Amino acid sequence: MNDVLDSFAGQNPLLDIDTSFSNYLAARTRNYKDHRVGGRMDYAFDADFSLRQKFITYSGWNKIYKNLVTSEIPNKFKRVFQTASEAAPGMYPEAYGAVKTCAERLLIDVPKVYVRNAPNKLEIYTLSAENTAPAIVVTSGLCEACTKDELQFLIGCECGHIQNNHCIYYMAAPSFGIIMDSEVVNPVTDSGKQLSSAMMDWITLSDVTADRAGIICLDDPQSFSAVFAGIRSKGINDIYSRTGCVYDSDRAMKMYDTIHVTPARSISLDSSWNSLERRVFAGMEFLNCEILYSWRSDIEKTDIHMVNKQALEVRCEIILGSGAGKAGV
């Protein structure tokens with residue numbers, strides 16, 4: 001019998017599949033908890049987590065949080081359910097396929113995606129709170145405008161926001177003086193200007209974390225710069241309408257060719273480089289980090305000069321520099 005099987009081994013690829021129980025168990029039990037380090041995801045930007053912890057110590061945080069989870073977010077969920085359609089194989093299949101791929105690659109439960117009929121609006125955001133399953137909300141205009149890779153990256157970023165517990169902080173931003181254009185929530189308190197700068201800093205830092213999630217979700221992570229440029233060329237907003245940054249992809253990539261080979265201590269970016277360009281540079285740095293390949297074992301390393309997480313964070317903090325808190329300028 002073994003002789004018969006051996007004679008077919010070179011002809012039938014199914015015989016090369018490892019069907020052992022140990023292999024099955026390893027695949028079955030793999031989850032994102034294997035990638036949690038010190039209470040945060042291993043790919044997350046450390047500065048994002050550190051700054052977020054400070055908001056919890058704000059004396060008015062409990063009031064803001066209670067209002068969000070008991071009133072504002074549930075009411076927003078109701079409006080979404082009433083005005084949007086859930087993506088499915090037969091309805092908005094591109095969005096449905098993208099969220100399934102992203103959830104698989106980030107090892108999370110598949111979040112629901114609701115598509116709002118708004119052909120002329122390009123918008124995507126996530127709603128989430130305790131005891132409420134997260135939902136990604138996207139407009140029909142964005143679905144139609146984006147390529148497969150662009151949509152997959154954007155939904156991957158939203159999955160990253162979910163996985164890193166960003167959503168409640170995004171919803172709380174107006175309470176710290178940050179204005180949102182999509183009416184996700186209404187301000188519940190006026191904290192003056194003392195925390196608005198810190199919140200704007202955090203929004204930019206959280207984008208770096210989310211971009212890393214989006215990169216993990218791309219079929220080809222090395223296409224990040226081209227995908228990001230395509231998104232910007234379409235004028236796609238986030239929920240804070242940060243469309244003020246001019247982004248010249250060719251100029252940015254020429255600069256990154258220099259940054260890529262520059263030691264961290266020698267990296268220097270003057271004020272002509274805005275927060276959006278610095279954000280892209282930070283995303284490009286992640287392409288050379290060993291953590292990306294721990295998530296995507298199916299892709300080959302293209303750069304023999306891999307960096308570890310500690311080196312990545314040092315380089316990204318230098319790149320973001322004083323521009324980290326100037327999102328949208």
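**Salt bridges, core and strands**

In this predicted model, Lys234 has a relative accessibility of 28% and therefore counts as partly exposed. The limits for that class are 20% and 50%. Glu150 has a relative accessibility of 5%, so this residue counts as buried. The two side chains meet in a salt bridge, with N and O 3.0 Å apart. Lys234 lies in the loop between helix 10 and helix 11 (249-260), whereas Glu150 belongs to helix 7; the pair therefore ties together parts that are 84 residues apart in sequence.

The count of salt bridges comes to 15. Another one joins Asp219 and Lys148, at 2.7 Å from N to O. Asp219 sits in the loop between helix 9 and helix 10, and Lys148 in helix 7, so this bridge ties together parts 71 residues apart in sequence. Asp219 counts as partly exposed because its relative accessibility is 34%. Lys148, at 55%, counts as exposed, because the limit for that class is over 50%.

A further salt bridge is formed by Arg279 and Asp207, whose closest N and O atoms are 3.5 Å apart. This pair, too, links distant parts of the chain: Arg279 is in helix 12 (residues 275-286) and Asp207 in helix 9, with their positions 72 residues apart in sequence. Both Arg279 and Asp207 are buried. Elsewhere, salt bridges that share partners connect Arg40, Asp46, Arg212, Lys309 and Glu313 in one network.

The largest nonpolar core holds 98 residues. Tyr43, Phe55, Leu106, Phe153, Ile155, Phe176 and Phe286 have the most contacts inside this core. Helix 9 (residues 196-217) gives the most to the core, contributing 11 residues.

Tyr43 illustrates the contacts of one core residue. Neighbours within four places in sequence are left aside here. Tyr43 is in contact with two other residues named above for their contacts inside the core, Leu106 and Phe286. Its partners also include Gly160, Gln163 and Asn164. Thr209, Arg212, Ala213 and Ile216 are in contact with Tyr43 as well. The list is completed by Ile291, Trp295 and Lys309. Among these partners, Arg212 and Lys309 are also members of the salt-bridge network.

Aromatic residues were examined next. The count of aromatic pairs comes to 13. In one of them, the ring centres of Phe153 and Phe224 are 5.7 Å apart and the planes meet at 50 degrees, so the pair is tilted. Phe153 lies in helix 7 (residues 148-163) and Phe224 in helix 10 (residues 224-233), and the pair links parts of the chain that are 71 residues apart. Phe153 has a relative accessible area of 1% and is therefore buried. Phe224 is at 0% relative accessibility, so this residue also counts as buried.

Tyr169 and Trp202 make another tilted pair, with 5.8 Å from centre to centre and 50 degrees between the planes. Here the link runs between helix 8 (residues 167-172), which holds Tyr169, and helix 9, which holds Trp202, 33 residues apart. Both residues are buried. They belong to one aromatic cluster together with Trp61, Tyr65 and Tyr170. A ring also takes part in a charge contact. The charged end of Arg251 sits over the ring of Trp273, at 3.6 Å from the ring centre.

The strands described here are strands 4, 5 and 6. Strand 4 (residues 112-116) pairs in the parallel sense with strand 6 (residues 132-139), over 5 bridges. Arg116 stands opposite Thr139 in strand 6. Strand 5 (residues 124-129) runs antiparallel to strand 6, and 5 bridges join these two strands. In this pairing, Ala129 stands opposite Thr132 in strand 6. Strands 5 and 6 form a hairpin with 2 residues between them. Asn131, in the turn, has a positive phi of about 65 degrees.

Strand 5 is mostly covered, with 6 of its 6 residues buried. In a regular strand the side chains alternate between the two faces of the sheet. From strand 5, Ile124, Thr126 and Ser128 point one way. Tyr125, Leu127 and Ala129 point the other way. The residues of both sets are buried.

Methods:
Residues numbered from 1 in each chain as written. Predicted model: local features only at pLDDT ≥ 70, side-chain atom pairs only at ≥ 80, totals over all residues. Heavy atoms only, no water. Core = buried A, V, L, I, M, F, W, Y, C linked by side-chain atoms within 4.5 Å. Buried < 20%, exposed > 50% of the residue type's maximum accessible area, 1.4 Å probe, protein only. Helix = DSSP H or I, 4+ residues; strand = E, 2+ residues; numbered from the N terminus. Contact = heavy atoms within 4.5 Å. Phe/Tyr/Trp six-rings, centres within 6.5 Å; stacked < 30°, edge-to-face > 60°. Lys NZ or Arg CZ within 6 Å of the ring centre and 35° of its normal. Pairing = 2+ DSSP bridges. Salt bridge = Lys/Arg side-chain N within 4 Å of Asp/Glu carboxyl O.
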